[in-house]
Amino acid sequence: MQQVKSKKRVADHGEVFTSEREVSAMLDLVKQETDRIDSKFLEPACGTGNFLAEILRRKMEVVVRRYKSNQHDFERNSITAISSIYGVDILRDNTIECRERLFKIFDEIYIKIYKKKTKDKVRDTVQFILQRNIVLGDALSLETVDDIPKPIIFSEWSPVNGSKIKRRDFCYKSMIDQASLSELPLFSDLGEDAYIPTPVKDYPPIHFLEIPYA
């Protein structure tokens, strides 16, 4: 697992990636969450995805173990696992590599199990979600890295009615500006104790294979 791309990147951005051993040790501390398919993770300086890749591998192990005998259930729960992973990085090449890395983890497992029965629509959904969830942005300014920066927007993907998913978009800044969020994850599962922000956009439920085309 690569820890440094160049001395210049270390000097300019303080970029040093976490080693594989440290990633595994830290995730072992929250194993009960990495074993939950729908448990949400946000890495605000995700780099090329050392943490997120290992989280997805662990989630996919659970998906395979539980659902590989039913392709539809495997696909639906794989989408749930992938859609629960979020990252921000300030460098474009890192976000591209992170998305590609996460997609490859899923796709290699998908092909190994179902071979010629795999579906391009499933791949399109995975890539669309990764494009939304792995954001080119500055986690300090809470804005995108563009000529004209915009607030970082994250999408929440909630399974409903079996094969459908409901998408809601949230402004990252408005979420963490709330004092009540200081000790809470991005999308908390703490029930009545959780602050529920107002989405900037709310979408109707749609079949998970139709998400990229809506």
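**Exercise 1. The cavity lining**

Which residues line the largest cavity? Identify them, then sort them by element and by class.

*Solution.*
Step 1. Note the source: this is a predicted model. The structure holds 1 cavity of 30 Å³ or more. About 30 Å³ of space lies in the largest cavity.
Step 2. List the lining. Arg 76, Ile 79, Thr 80, Pro 159, Gly 162, Ser 163, Lys 164, Ile 165 and Phe 208 line the largest cavity.
Step 3. Assign elements. Two elements give two or more residues to this lining: helix 5 (71–83) and strand 6 (164–171). Helix 5 supplies the largest share, 3 residues.
Step 4. Sort by class. The lining divides into 4 nonpolar, 3 polar and 2 charged residues.

**Exercise 2. A charged residue in helix 5**

Find the burial state of Glu 75, buried or exposed, and name its contacts outside the local sequence.

*Solution.*
Step 1. Place the residue. Glu 75 belongs to helix 5.
Step 2. Read the accessibility. Glu 75 has 0% relative accessibility. The cut-off for buried is under 20% relative accessible area. Glu 75 therefore counts as buried.
Step 3. Set aside neighbours within four places in sequence. The contacts of Glu 75 are then Tyr 110, Lys 119, Val 122 and Phe 208.
Step 4. Cross-check with Exercise 1. Phe 208 is a contact of Glu 75, and Phe 208 also lines the largest cavity.

**Exercise 3. The four-stranded sheet**

Work out the strand order of the open sheet and say which strands stand at the edges.

*Solution.*
Step 1. Write the order. The open sheet has 4 strands in the order 1-2-3-4, with mixed pairing.
Step 2. Find the edges. Strand 1 (41–43) and strand 4 (143–144) each have a single partner strand, so one side of each lacks a neighbour in the sheet.
Step 3. Check a parallel pair. Strand 2 (residues 85–89) and strand 3 (residues 134–138) run parallel, joined by 3 bridges. Val 88 stands opposite Val 135 in strand 3. Gly 87 has Ile 134 of strand 3 as its bridge partner.
Step 4. Check an antiparallel pair. Strand 3 and strand 4 pair in the antiparallel sense over 2 bridges. Here Gly 137 stands opposite Thr 144 in strand 4.
Step 5. Recall the general rule. Strands of a sheet pair through backbone hydrogen bonds, either parallel or antiparallel.

**Exercise 4. Cover over the sheet**

Name the strands that helix 6 touches, and explain why strand 3 is called largely enclosed.

*Solution.*
Step 1. Strand 2 and strand 3 are joined by 3 bridges. Helix 6 (residues 92–114) packs on the sheet and touches both strand 2 and strand 3. The direction of helix 6 makes about 160° with that of strand 3.
Step 2. Count buried residues. In strand 3, 4 of the 5 residues are buried, so the rest of the structure largely encloses this strand.

**Exercise 5. Two hairpin turns**

Locate the residues with positive phi in two hairpins, and give the burial state of each.

*Solution.*
Step 1. Take strand 3 and strand 4. Their hairpin has 4 residues between the strands, and Leu 142 takes a positive phi near 65°. Leu 142 is not a glycine.
Step 2. Check its accessibility. Leu 142 is at 7% relative accessibility, so it counts as buried.
Step 3. Take strand 5 (residues 153–160) and strand 6. They pair in the antiparallel sense over 8 bridges. Trp 157 has Arg 167 in strand 6 as its bridge partner.
Step 4. Look at the turn. This hairpin has 3 residues between its strands, and Asn 161 has a positive phi of about 50°. Asn 161 is not a glycine either.
Step 5. Check its accessibility. Asn 161 is at 69%, and exposed means over 50% relative accessible area. Asn 161 therefore counts as exposed.

**Exercise 6. The whole chain and its end**

Summarise the fold in numbers, then describe the position of Ala 214.

*Solution.*
Step 1. Count elements. The protein has 8 helices and 8 strands.
Step 2. Gauge burial. Of the 214 residues, 42% are buried.
Step 3. Gauge contact range. Take contacts between residues at least 6 apart in sequence: 67% join residues at least 24 apart.
Step 4. Go to the end. Ala 214 lies in the segment after strand 8 (206–207). With a relative accessible area of 82%, Ala 214 is exposed.
Step 5. Add a distance. Ala 214 and Tyr 203 are 11 residues apart along the chain, and their C-alpha atoms are separated by 9.7 Å.

Notes
Residues are numbered from 1 along each chain as its sequence is written. This is a predicted model: local features need pLDDT of at least 70, side-chain atom pairs count only at pLDDT 80 or more; totals for chains, interfaces and linings use all residues. Side-chain values use heavy atoms; hydrogens and water are left out. On a 1 Å grid over the protein atoms alone, a cavity is a set of points where a 1.4 Å probe fits but cannot get out, and a pocket is an open set with protein on both sides within 12 Å along at least five of seven lines; lining residues have an atom within 4 Å of a point. Grid points are joined across faces, edges and corners, and a volume is the space filled by probe spheres set on the points. Ala, Val, Leu, Ile, Met, Phe, Trp, Tyr, Cys and Pro count as nonpolar, Asp, Glu, Lys and Arg as charged, and the others, Gly among them, as polar. Two strands pair if DSSP finds at least two bridges between them. Contact means heavy atoms within 4.5 Å. Axes are lines fitted to C-alpha atoms, for helices over the stretch in contact, and angles run from 0 to 180 degrees between N-to-C directions. Buried means under 20% relative accessible area, exposed over 50%, partly exposed in between (1.4 Å probe, protein chains only).
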